[in-house]
Amino acid sequence: MSRQARDIRMSRRSWLLAGLALPLFRAHAADDSIPAPSFDGDNLQPVLPPKFHFLTGKPLERLNGGNTVAFVAQISLFTDDKHTTVKNSPIQRFILSQDIWDRTFKVSMPNYGPHDRTGLTSAQAEAYCLDKIYISVAGVPKDQPLWLKFTMRTVHQDDLSRVVGDNRLSLSTAAVSIVEYLSRRAGVSEPEWMYWTTRPFRLLDLPKLLFARPNRLG
Amino acid sequence: MKLAWLGVLVLGALACGPLVAGSQDSEFNVNNRYTVDSVLLNTDGASFDLAAARDERISSPLRKDILAIIGEKLNPATLDDLARRLRKELHARAVDHHILKGNSLDCVKVVFDVQVQPARFDIAVPKFGYHSQLGWSGAVEGTAIVNHQSFTVGLVSDGDELVERYAGITARYQNNRLGTDLLHFSFDYGTLHDQWNGSTVDALALSRLAEGSFASSYASDLYRSRQYFEPALSLRVAKPLTVSVGASFESFQDQMASADGRIESANAALASVRYHQPVEGAETQQDFDAGYDLRMGTKALRSDMVYSRHHWEFRYTITHGKQVLIEDAMAGMIMGQAPLFERFVLGNNTTLRGWNKFEIDPFGGNRMVHNTVEYRYGAFQIFYDSGAVWDSGQTADARNSVGVGLRQGPFSASVAFPLREGHIDPVFMVGMTY
């Protein structure tokens, strides 16, 4: 083996470090790409793949057992280099429970006013939540290339009380808890989903939807 | 300024966290409209109804709180709280909860799922106390628990329980499931060094001089050290009734002999019956506890001493709110020649409080009766002890004492007065009693 070939071989130490570092990239390894978002003139909404479902696995098991399960989601816009944040949407909270008798779902959004929905199927509950996740583009230059990142995470049962918060108490108090929560890495039993747009896009290139959204979150 | 606001918000989040923890989950759960009709505990694959059966590991207050949710609307926040308390009391790795459809429409069953810790290590202080006339007594032990087996090693120095002060190392192996939950096995080992109070040494020496005295007939000589092995089997015959059988192999070295001097043995067959029945009412909780212990030294076990020791105890506790009334009665009888550690003692941290055991009888007696009545209100306690310890053929001299104290959990501090003519020396006691 030539000297050059030996130089580019990975040493055992490098393999060991790579192996140890592998779990750090767990979330990114699970990443997927999504096309450019839909745009209604004011807000961007990610176009998630049809295979995306968050009512699965452990969270669904907990719901089947009559427990409350909370999800938090956020959209972020980045500049072309994917490192500089242009804007973050407010963190949206979805609190779900499943009726033990008729097996329908209830969705509550504590920082979204009186928008509880009951009697939903699993698919309807997911669609209702995803429909509420968008980001306002007010103040974002229309000709700037942007990347969109969508993140969603299940809230661990121990953190449920802090993240769910209470409208009557203080929204800002709950927000501090959520920001702190999202800044931590997800645990093994807390599913996390993250999607990036396949390529950068500009607002002026996006086709506008016919109907604007009635509410604006960001 | 921004940082100041951020600080306020973070502090607010920390301060309000526990406050909001109890409420918000409940109002969002669609099942909060259903009524709880039963509560099940699921542990080790076995499930039982908490209202119908009692788990001894769960305290009465927690059981009461769990049963209180029956008939109420489902409150997930309450279930979270109860699961946390169950986890603590059962030393479980985790306790989750879920609900099932109830027996009728609009009712649900609550199931607590207990995940048992496969192994853990505990440090405990089973005894720690100070008696102003007897000094300090204490024990500390570490226990490794693996599934249903536990291994305990401890250090002890006790001048309270027996005639002598003993100090040394103890060890215990326990298997709480020998094929079935009803059958337990334990093996105790101890190697102890014994110290004798001057009054015991003097009194025994004087007694030996008198030919035909009780001491030469009924008690062993003083010993400097002893070792014991005690294997035992316990069978829970019925829910409140447990029967144990076993053997005790105890050897001790004479106080006066040289280091390689004479070793005596007191090997005994053991048997005990214990009855424990808690009765919970709406307002009051009652607890009946009764037991009988027999230790029988026999030549069949190659014992140098042949004797039988009988001990009866009955304890009744009634709790009503902050008020607790305790009645504790016990009696004992020894027949034959028993080693000194088997003899009965009164006048310590738990019996005839206010008296000094060496003043009552410097080397104990082979007959004993004792009764305690104790009243507690919150942390305050007042007690009245009466009892007698004597040897067969002698007359029993009944003694009484009263005391007051403060008790918070296992911690207690009290002062007790012997009731007698002449001067009264109060005895102060502090410590932890379980």
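**Exercise 1. A nonpolar surface patch**

Task: Find which residues form a nonpolar patch on the surface of chain B, and which elements give two or more residues to that patch.

Solution:
- Step 1. B:F121, B:I123, B:V140, B:V153, B:L155 and B:I169 form the nonpolar patch on the surface. Together they have about 590 Å² of accessible area.
- Step 2. Two elements of chain B give two or more residues to the patch: β5 (119–131) and β7 (149–158).
- Step 3. Now take one member, B:I169. This residue lies in strand β8 (residues 165–175) of chain B.
- Step 4. The relative accessible area of B:I169 is 41%. Buried means under 20% and exposed means over 50%, so B:I169 is partly exposed.

The model is predicted, and every value here is computed from it.

**Exercise 2. Chain B in totals**

Task: State how many helices and strands chain B has, then describe its burial, contacts and surface.

Solution:
- Step 1. Chain B has seven helices and 21 strands.
- Step 2. Of its 434 residues, 43% are buried.
- Step 3. Take the contacts in chain B between residues at least 6 apart in sequence. Of these, 53% join residues at least 24 apart.
- Step 4. The accessible surface of chain B is about 21,300 Å². Carbon and sulfur atoms account for 61% of that surface.

**Exercise 3. An open sheet and its helix**

Task: Give the strand order of the four-stranded open sheet in chain B, and explain why β2 and β3 each have one side without a neighbour in the sheet.

Solution:
- Step 1. The order is β2-β1-β4-β3, with mixed pairing.
- Step 2. β2 (46–49) and β3 (92–101) of chain B are at the edges. Each has a single partner strand, so one side of each lacks a neighbour in the sheet.
- Step 3. From one strand to the next, the twist averages 25°.
- Step 4. Look at one pairing. β3(B) and strand β4 (residues 107–116) of chain B run antiparallel, joined by nine bridges. For B:H97, the bridge partner in β4(B) is B:F112.
- Step 5. Add the helix. Helix α4 (residues 76–90) of chain B packs on the sheet and touches β1 (35–43), β3 and β4 of chain B. The direction of α4 makes about 145° with that of β3(B).

**Exercise 4. Salt bridges, buried or partly exposed?**

Task: Sort three salt-bridged pairs of chain B by the burial of their residues: B:D122 with B:R120, B:E342 with B:R295, and B:R376 with B:E374.

Solution:
- Step 1. Recall the principle. Side chains of opposite charge can pair when their charged atoms come close.
- Step 2. Start with B:D122 and B:R120. Their closest N and O atoms are 3.0 Å apart. B:D122 has a relative accessible area of 25%, so B:D122 is partly exposed. B:R120, at 22%, is partly exposed.
- Step 3. Turn to B:E342 and B:R295. Their side chains meet at 2.8 Å, N to O. This pair links distant parts of the chain, 47 residues apart. B:E342 is in the loop between β16 (323–336) and α7 (357–360) of chain B, while B:R295 is in strand β14 (residues 284–297) of chain B.
- Step 4. Check their burial. B:E342 is at 3% relative accessible area, so B:E342 is buried. B:R295 is at 16% and counts as buried.
- Step 5. Finish with B:R376 and B:E374. Their side chains meet at 2.8 Å, N to O. B:R376 is buried at 17%, and B:E374 is buried at 5%.
- Step 6. Widen the view. The structure holds 25 salt bridges over all chains. B:E164, B:D194, B:R226 and B:E250 are linked in a network of salt bridges.

**Exercise 5. Two residues and their surroundings**

Task: Locate B:W136 and B:S386, and list what each touches beyond four places in sequence.

Solution:
- Step 1. B:W136 lies in strand β6 (residues 135–146) of chain B.
- Step 2. Its contacts are B:F128, B:G129, B:Y130, B:S157, B:G159 and B:R165.
- Step 3. Compare sequence and space. B:W136 and B:V430 are 294 residues apart along the chain, with C-alpha atoms separated by 9.5 Å.
- Step 4. B:S386 lies in strand β18 (residues 380–390) of chain B. B:S386 has 18% relative accessibility and counts as buried.
- Step 5. B:S386 touches B:L352, B:V369, B:H370, B:N371, B:R399 and B:N400.

Key: Residues numbered from 1 in each chain as written. Chains lettered and ligands numbered in written order. Predicted model: local features only at pLDDT ≥ 70, side-chain atom pairs only at ≥ 80, totals over all residues. Heavy atoms only, no water. Pairing = 2+ DSSP bridges. Axes fitted to C-alpha atoms, helices over the stretch in contact; angles between N-to-C directions. Contact = heavy atoms within 4.5 Å. Buried < 20%, exposed > 50% of the residue type's maximum accessible area, 1.4 Å probe, protein only. Areas by Shrake-Rupley, 256 points an atom, 1.4 Å probe, with all protein chains shown as cover. Patch = residues over 30% accessible without salt bridge, like charges linked within 9 Å, V, L, I, M, F, W, Y side chains within 5 Å. Salt bridge = Lys/Arg side-chain N within 4 Å of Asp/Glu carboxyl O.
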